[in-house]
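Here are my notes on the model you sent over. Have the structure open while you read.

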Amino acid sequence: ASLWGVRAKRDAAAAQVPDWETLREDAASTKRDALARLPELWRRFEERASAAGAQVHWARDAREHNEIVARLLRDRHVSRVVKSKSMLTEECGLNPFLEARGIEVVDTDLGERIVQLRHEPPSHIVMPAIHLRRQEVGALFAREMGSAPGLEDPDALTAVARRDLRGRFLAAEAGITGVNFAVAESGAIVVVTNEGNADLGTALPPLHIACVGLEKIVPETRDLAPLLRLLARSATGQAITTYTSHFRGPRPLPGSELHVVVVDNGRSRLLARPDFEEALACIRCGACLNTCPVYRRSGGHSYATTVPGPIGSVLAPARDPGAHADLPRACSLCGSCSEVCPVKVPLHRQLLAWRGVLADEGHVPRHRRAALAFL
């Protein structure tokens, strides 16, 4: 019910924008143009970012990404890190990688902090703790933060988390963020949040490490306008998110550093598949999850992958078809996901295409193939 409410807010927000479909066309065109020119755009980004004082690193896979981040922290003797919400670092398993090396990592997005304390992955790419009731959060905070037992009021629980996190922000020696958009023209990165945690996490420590997937680049600053107008409305029904922060180079303070880690981790393989490359246009708004009748009933953890729902069911088989062959079949093919996608990714068509590809590659169970042979 709560997810369908978010879908309803998205529809109301879209209805208030007269040029909504034009925005979708513009955003889709921008993302597809960028995907067609990734090497050129990333070369330009590196040149402009380096000129502004940032350092750009390249990671072929999750392990290489984690090793780069760990080396940057180790070389600066960092043992306490605050991290803003980032599905890429979840995908790469960064938290346990750093913790195994003695580095404390604190997620500062409230939903991410809740699931981190529960030792479980996010269940939604925008609302990580949507699967929990406030009573469960109250019991968790009483156990982990010493709040009053039985506390259930959302504002009071948020205040408890804020008090706990403030000291962790002040003690942090580095801040790690995700990236919503990287701009080739300027070498800037854009981080979108509702809580301001990314701003605080990068304003206090001297070291900022930004982790970005290969697909997140756009050619020019002006390309951000339609994407930002679509993102918040599609995700939560807001006209715009509370914080849209642009970073270009390190802060103008002695000892400040900005490092951008660009990650492939299977994205180039997906780009090489014409039937599925458009999935890389995704801007991670979560609208397809909110409208999907299967996701809304089964929940994100049932997908057993970092990004659940329709978009996750397209992305996951490209990375590991054997492990995620069932996901494209967990779909009614109703087309609602494609209808709400702000960048017009034809998700239901891609899920149907995956079924054929996975069957041809031998990833359909033997008993299923035997049953189909009688039809």
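The points below go through the pockets, one sheet and the cysteines.

1. First, a reminder that this is a predicted model. Everything that follows is computed from it, so to speak, on paper.

2. Start with the largest pocket, which holds about 1,200 Å³ of space. Its lining runs to 48 residues, and the ones closest to the centre are Lys85, Asp109, Val126, Met127 and Pro128. If you want to colour the lining by type, you should end up with 25 nonpolar, 13 polar and 10 charged residues.

3. Which elements build that lining? At least two residues each come from α5 (87-92), α7 (110-117), α8 (134-145), α9 (154-171), β6 (188-193), β7 (207-213) and α11 (224-236). The top contributor to the largest pocket is α11, with four residues.

4. Next, the second largest pocket, at about 350 Å³. Here 20 residues form the lining, and Asn95, Glu99, Asp107, Gln116 and His119 sit nearest the centre. Two or more lining residues come from each of α5, α6 (94-99), β3 (104-107) and α7. Of these, α7 has the largest share, with five residues. By type, the lining of the second largest pocket splits into nine charged, six nonpolar and five polar residues. Note that α5 and α7 also turn up in the lining of the largest pocket.

5. Now the sheet. Four strands make an open sheet in the order β8-β5-β6-β9, and the pairing is mixed. Why do β8 (217-218) and β9 (243-247) each have a side without a neighbour in the sheet? They are the edge strands, each with a single partner, so one side of each stays unpaired.

6. Inside that sheet, β5 (residues 181-183) and β6 run antiparallel and are joined by three bridges. To find the register, look for Ala182, which faces Ile189 in β6. β6 is also one of the elements that line the largest pocket.

7. Last, the cysteines. How many disulfides does the model have? The count is zero. A pair of cysteine sulfurs would have to lie within 2.5 Å to qualify. For Cys282, the closest cysteine sulfur is in Cys288, and at 6.4 Å that is too far for a bond. Cys292 has its closest cysteine sulfur in Cys331, 6.5 Å away, again too far for a bond.

8. Are Cys282 and Cys292 buried or exposed? Cys282 is buried, at 10% relative accessibility, and Cys292 is buried too, with a relative accessible area of 10%. The cut-off for buried is under 20%.

Conventions. Residues are numbered from 1 along each chain as its sequence is written. This is a predicted model: local features need pLDDT of at least 70, side-chain atom pairs count only at pLDDT 80 or more; totals for chains, interfaces and linings use all residues. Side-chain values use heavy atoms; hydrogens and water are left out. Buried means under 20% relative accessible area, exposed over 50%, partly exposed in between (1.4 Å probe, protein chains only). On a 1 Å grid over the protein atoms alone, a cavity is a set of points where a 1.4 Å probe fits but cannot get out, and a pocket is an open set with protein on both sides within 12 Å along at least five of seven lines; lining residues have an atom within 4 Å of a point. Grid points are joined across faces, edges and corners, and a volume is the space filled by probe spheres set on the points. Ala, Val, Leu, Ile, Met, Phe, Trp, Tyr, Cys and Pro count as nonpolar, Asp, Glu, Lys and Arg as charged, and the others, Gly among them, as polar. Two strands pair if DSSP finds at least two bridges between them.
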